[in-house]
Amino acid sequence: MRFMWRYLPHNIRIVFAIVVCITTLGGWFVGRSDDIGGRPLSIIWSSDPQMYDPHRTSHPTAQSIFRHVCEPLFYIDYAGELQGLLAEDTIEYSEDGQRVIIRLRSDIYFHDGTLLDAQAVKSSFERLQHQGVSPLFNEFRGVQIDAHADQRTVTFHLPEPDYEFVRLVLTNSYAAIVSPHTEKSTAP
């Protein structure tokens, strides 16, 4: 092999050496990259909340977990702007500020295959109100939720004007929408 290498033209030897270096470096990079077929993200918490239902716990560690796995209707992006996640971006307020009307995005399904509709959103928030454990419990005190017949529109009737209700409450990870097939339980 050494004999053949010696008789190759100089430019071909350089190209061959560059190809070998790039291939080796690329192989090392792919092997070290966790984004391409790598290990899943593992997080170790200092305490176990014992409850992983956003409507049945107020544990701060659980809230950190919910931030990564639960989906509320809205979220606040990196620029501080309110964006729709399960709901469309547009929000309609009544003149008196006591009614908030939102529309849900179409073709969103829960992990169990159930379609996200207005009735599912209503039952999810009624479940939160009934549980009485979530940190959002007081925010939903006196709030009435109506599911419209089109099953894409939801109205929140607030006890007093609150133009920050969506930003402060409906973006919270404790306000995650759960499937209507989620286990029913009694209040604590």
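Here is a short walk through the structure, stop by stop, with a selection to make at each one. Keep in mind that this is a predicted model.

**Stop 1: the sheet**

Start by showing the strands as a cartoon. You're looking for an open sheet of four strands, ordered β3-β4-β6-β5, with antiparallel pairing. The edges belong to β3 (87–93) and β5, each of which pairs on one side only. Look along the sheet and you'll see the twist: neighbouring strands are turned by 20° against each other on average, ignoring direction.

**Stop 2: β3 and β4**

Now select residues 87–93 for β3 and residues 99–104 for β4. Four bridges hold this antiparallel pair together. To find your bearings, show Tyr93, which sits opposite Val100 in β4. Then follow the chain round the hairpin, where five residues lie between the strands, and pick out Gly97 with its positive phi near 75°.

**Stop 3: β4 to β6**

Add residues 153–157, which make up β6. Strands β4 and β6 pair antiparallel over five bridges. Which residue of β6 stands opposite Arg99? It's His157. Keep His157 on screen, since this residue is also the bridge partner of Gln144.

**Stop 4: β5 and its hairpin**

Select residues 144–147 to bring in β5, which runs antiparallel to β6 and is joined to that strand by four bridges. This hairpin also has five residues between its strands. Click on Gln151, in the loop between β5 and β6: the phi here is positive, about 60°, although the residue is not a glycine. Is Gln151 buried, partly exposed or exposed? With a relative accessible area of 27%, Gln151 counts as partly exposed, because that value falls between the 20% and 50% cut-offs.

**Stop 5: the loop after β4 and helix α4**

Go back to the end of β4 and select Asp107, in the loop between β4 and α4. Here is another residue with a positive phi of about 60° that is not a glycine. Asp107 is exposed, with a relative accessible area of 62%. Carry on to residues 118–131, helix α4, which lies across β4, β5 and β6 and runs at about 160° to β5.

**Stop 6: a nonpolar patch**

Finish at helix α2, residues 10–32, and click on Ile18. Turn on the surface and add Ile14 and Ile22: with Ile18 they form a nonpolar patch, with about 280 Å² of accessible area together. Ile18 itself is partly exposed, at 45% relative accessible area.

Note on methods
Residues are numbered from 1 along each chain as its sequence is written. This is a predicted model: local features need pLDDT of at least 70, side-chain atom pairs count only at pLDDT 80 or more; totals for chains, interfaces and linings use all residues. Side-chain values use heavy atoms; hydrogens and water are left out. Patches are made of residues with over 30% relative accessible area and no salt bridge: like charges are joined within 9 Å, nonpolar side chains (Val, Leu, Ile, Met, Phe, Trp, Tyr) within 5 Å. Accessible areas come from the Shrake-Rupley method with a 1.4 Å probe; for residues, only the protein chains shown count as cover. A salt bridge is a side-chain nitrogen of Lys or Arg within 4 Å of a carboxyl oxygen of Asp or Glu. Helices (H or I, at least four residues) and strands (E, at least two) are DSSP runs, numbered from the N terminus. Buried means under 20% relative accessible area, exposed over 50%, partly exposed in between (1.4 Å probe, protein chains only). Two strands pair if DSSP finds at least two bridges between them. Axes are lines fitted to C-alpha atoms, for helices over the stretch in contact, and angles run from 0 to 180 degrees between N-to-C directions. Contact means heavy atoms within 4.5 Å.
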